[in-house]
Each structure stands twice: as C-alpha cells, then as structure tokens.
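Below are questions on a protein model, each followed by a short reasoned answer. Please read them with the structure open.

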Amino acid sequence: GASGATTMLRSAAFWAASNGYPTILLKPNQVDIDIEELLAFATSLNEAALAAGVTDVPPFVLVSDCEHESIRGLNLIPQLFAASGRKIVSLQAFRVESGFEQEELRSKRSIRLSPLTAVVTAEETVECQRTFEHIAHQWNLPIQVPSLDEWQAYERHSRQLTPSGIDSYPSLFWVALRFFLTRDTELSLRDQLHDELGAWIEKRTNKVDDPRMRAVVTYTAILSSFRMTAPMWTVLRPVTGGTFSSALALLLRQLGDVISWGDFSEDLVDQTLSFLHPSIADEYLRRMGIRSESQKIEALSPVLTSLSAGHPGDVWVAETLAAEVFAPRFQDRRGSLDWDWRLRGFEQLPPMIREQDKAVLHHWARCLYQSAEGFGTQSLSFEERRQRIERAIEKLRKAISLPKKAGRDEHPSHLYNTLGTAYARLVLLLQEK
C-alpha cells in the first residue's frame, strides 16, 4: 500500500493496450477468474486476427494486483496459454515480507523486479511535482499543483511528536501524490480525488472484522493525525481492560502497510503504534466521518477516561494533548474559537492526571482565561467569564504547590508568569464592570 504499484500497473496496462497488445486488467474487487472463458476469448481473438490477415498475433497481457493473489489458478494461466499455443505476458504484483530478497531476478521464463517501496527520494518527489504540473498545464486540468517549497513546508509541519523530541516521517509516494493533486484543489473535486486515492486504505481496514481492534485502529489514527505516536497499552486498555490480545498481532500483520509497530520506548515504558503518516490517518478518519478536532477528541473519549497516572505513556499522551491540541496555537486564537470541546477534553482526563499534573494544569488554566476574553465570549455572562479566570488562577496555584517530579517538569518561572497573566486578565475584566 502507498507504494504506487497500482498506479504503475494501470499505466503499464494502458501502454500495452495503446500499442496493440490485447490487454486484460483485473478489476480491483475481482475475486475469481473463469480460465475457460479467458482461453475462449483468446481463441476468438486469434481467429479474428488471422481472418484479417494478421499472421503475427501479439501476445496477450494479463495485469493483476496484490489483492488478486488469492485468485485460484491465476499463476497457471501462462502455462495454459502456452499449452494451447498462445503467448501471454503476465504482469503480477504481490506483497513482500520482511527479509525478502531485494535484488532483481531473471530467468528464461520470468523476471522478478526489485520490490517497489512506499518511500520516495527527494529526486523522485521533484519529478512527481514536475509531472503533475506538466499534466495540469497540458490538459488544462482544474487543479493548482503546489510548489516544492510548499511541499517542504508541509513535511516540516508533519513531523512526529515523541517523548524524546520531534522525528521526521518518511516521504511516501502516496502522501506526495495526495498533496500535489489535492492541496489547492476546489473542495468538491478534492473530495472526489480523496475518495479515489484513499480507496486502498478502506480495503485494508475493512478486513478488520473485530470491533475491538477497529477501535484500536481508530484511536491510533486519531493520535497519529495529531502527529503523536501512540503507546500500545494506552490505545489497547479501553478495549481489552489492560490485557494483551492475540488479535492485535493479527491486526498489525493485516495492516502492515498502514500502521507501524515501533520498538520499546524507554520514555513511555511501552511499545508504540502509529500510522505511517498523518495524512494516511486523516484519510482513514475522513472515511469514518471524523474530520474536525472536536470530532476526534469525542471519538478518543474512551482513551482519555481510561488513562492511568501510573503509566508514563498515558501521562505523556495527556500532557501532549493538553499542550498541542486542547491549548490553541497563538495564530489560531485570532478568530472565533470553539472552546467547549477543548475544556471538555481536560474534564475527561482522570482526576489523578488533570488535578495532579503540572503541565496539564498549566495548559488548562491558559485555556480557561483565554476562553473568557476576546471573540466567542458574547454567549458568556460576566459572572461566567469571572469564574473561568478564577478557576485558571486556582489551577495555576495548584500546579505551583505540587512537588518537583523526576525528569522533565514545568519550570516554576513559566507557571508564575502565567499566573501573573491570569491575575492581569482578572483585573481587566473587573474594570469592565
């Protein structure tokens, strides 16, 4: 998935058909093939060619994708054609497992190409952008292809948040394809393109028939869409009660080209799960009708309410959501904001985290006093605004009173600065009365 193999296969089929080769391209959802009917079709075509005076009939071309591997008898078609005196070229894609030989292999009857990976190089990305720019111009398509500078800015913004800092996601062919085709496209056309481009994700995830494991996929997707790695027990606990399920191993085998199972993290004291890229997570969620940040937090509610203050991975998730999701960035505070879901997010955290963690208290307090001023406060009474600022002061005083914890902790000067800001906002509000 996301490697571009399907695109390459369809391009090869189009080229073959355009150059006079009888070409058969299996449908995406095809689960069987009638070999007798295929041979009869080849016979009819051969006879028609001979009747038209064509003595050198070109070989048939049969193109099949990874999803057709399970079709019974597919690999026997070349031999059956050869036995009936007809030539055929079978172009077939198949999934490779880890440890698979990377080298290209050639024999008298077959060629096995090197695996096509989902990762693209910087040079391939440049070529991808140029190709779409050329196609859009040549055919006057209603799309505006972003520049390479915009792609690089997008990649910088898409970096993954981890306890040890920020990591880069690999550049994936599917991500580049989606970005250049849809970033600046009109909304209705963009949705159509997303539907087509993301069909492979739905095919993969639809194979997960265990509702508990589908929930794990959704929780992982939401955290990935926020650019966060997901501690395994954090997303598993709401559906299994804290016990490991063998269904998880099956799930990760099924979705190996969608979800990455990371190594053990010393910081999280847990293994990690994450979608291969936030845009893949966003597309999965879009197809579930989960698009906005508020919808994501609502769907993540079972995870939030089951977080444990004794699990480092859970604490990291709570602190990162508080700082990166619940508390809006400065540039986002200029317009009208929906503060309700942000404040509800803090309330959903268990008391041992929301009332005993300095980082959570700090960002909760900021959200409380910011929500009481500026745009979006017209629906709040003077008393409600005052109560929010006073609650913010209460949260900050609580954070300041907590003992210093081992490892990373909120710096006291930051807490005191924010407390001073909260008192200043309270003074300004009281002067309004």
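Surface patches, salt bridges and buried residues

I135 counts as partly exposed, with a relative accessibility of 31%. The model is a predicted one.

Q: Which residues make the nonpolar surface patch of about 300 Å²?
A: I135 lies in helix 4, residues 122–138. Patch members need over 30% relative accessible area, and I135 is at 31%. The patch is made by I135, W139 and L141.

Q: Which residues gather in the patch of negative charge on the surface?
A: D32 is placed in the loop between strand 1 (23–25) and helix 2 (35–51). Its relative accessible area is 49%, so D32 is partly exposed. The residues that gather in this patch are D32, D34, E36 and E37.

Q: Is F180 buried or exposed?
A: F180 is found in helix 6, which covers residues 173–182. Beyond its neighbours within four places in sequence, F180 contacts T125, C128, Q129, F132, Q144, V145, P146, S147, L148 and W151. The relative accessibility of F180 is 0%, so F180 counts as buried.

Q: What distance separates the C-alpha atoms of F180 and Q79?
A: Along the chain, F180 and Q79 are 101 residues apart. In the model, their C-alpha atoms are separated by 42 Å.

Q: Where do R287 and E283 lie, and about how many helical turns separate them?
A: The side chains of R287 and E283 meet in a salt bridge, with 2.8 Å from N to O. Residues three or four places apart in an α-helix point the same way, because there are 3.6 residues a turn. R287 and E283 are four residues apart in helix 12 (residues 278–287), so the separation is about one helical turn.

Q: Which of the descriptions buried and partly exposed fits E283, and which fits R287?
A: Buried means under 20% relative accessible area. E283 has 0% and is therefore buried. R287 has 26%, so the description for R287 is partly exposed.

Q: Which residues are linked with E283 and R287 in a network of salt bridges?
A: By the rule used, the count of salt bridges comes to 24. One network includes both E283 and R287. The other residues linked in it are R178, D191, D195, E202 and R286.

Q: How many residues apart in sequence are the parts that E355 and K395 tie together?
A: E355 forms a salt bridge with K395, the closest N and O atoms being 3.2 Å apart. E355 lies in the loop between helix 17 (351–354) and helix 18 (358–370), whereas K395 is in helix 19 (residues 382–401), so the pair ties together parts 40 residues apart in sequence.
Of the two, E355 is partly exposed at 25%, and K395 is buried at 4%. The separation in sequence is 40 residues.

Q: How many residues apart in sequence are the parts that D357 and K405 tie together?
A: D357 and K405 form a salt bridge whose closest N and O atoms are 3.7 Å apart. D357 is in the loop between helix 17 and helix 18, and K405 is in the loop between helix 19 and helix 20 (412–432). D357 is buried at 7%, while K405 is partly exposed at 34%. The parts tied together are 48 residues apart in sequence.

Q: Which helices are included in what covers the buried residues of helix 16?
A: Helix 16 spans residues 340–348, and its buried residues are W341, R342, L343, G345 and F346. Their cover includes helix 13 (293–299), helix 14 (301–305), helix 15 (312–326), helix 17, helix 18 and helix 19.

Conventions: Residues numbered from 1 in each chain as written. Predicted model: local features only at pLDDT ≥ 70, side-chain atom pairs only at ≥ 80, totals over all residues. Heavy atoms only, no water. Patch = residues over 30% accessible without salt bridge, like charges linked within 9 Å, V, L, I, M, F, W, Y side chains within 5 Å. Areas by Shrake-Rupley, 256 points an atom, 1.4 Å probe, with all protein chains shown as cover. Salt bridge = Lys/Arg side-chain N within 4 Å of Asp/Glu carboxyl O. Lys, Arg positive; Asp, Glu negative; His and termini not counted. Charge placed at Lys NZ, Arg CZ, Asp CG, Glu CD. Helix = DSSP H or I, 4+ residues; strand = E, 2+ residues; numbered from the N terminus. Buried < 20%, exposed > 50% of the residue type's maximum accessible area, 1.4 Å probe, protein only. Contact = heavy atoms within 4.5 Å.
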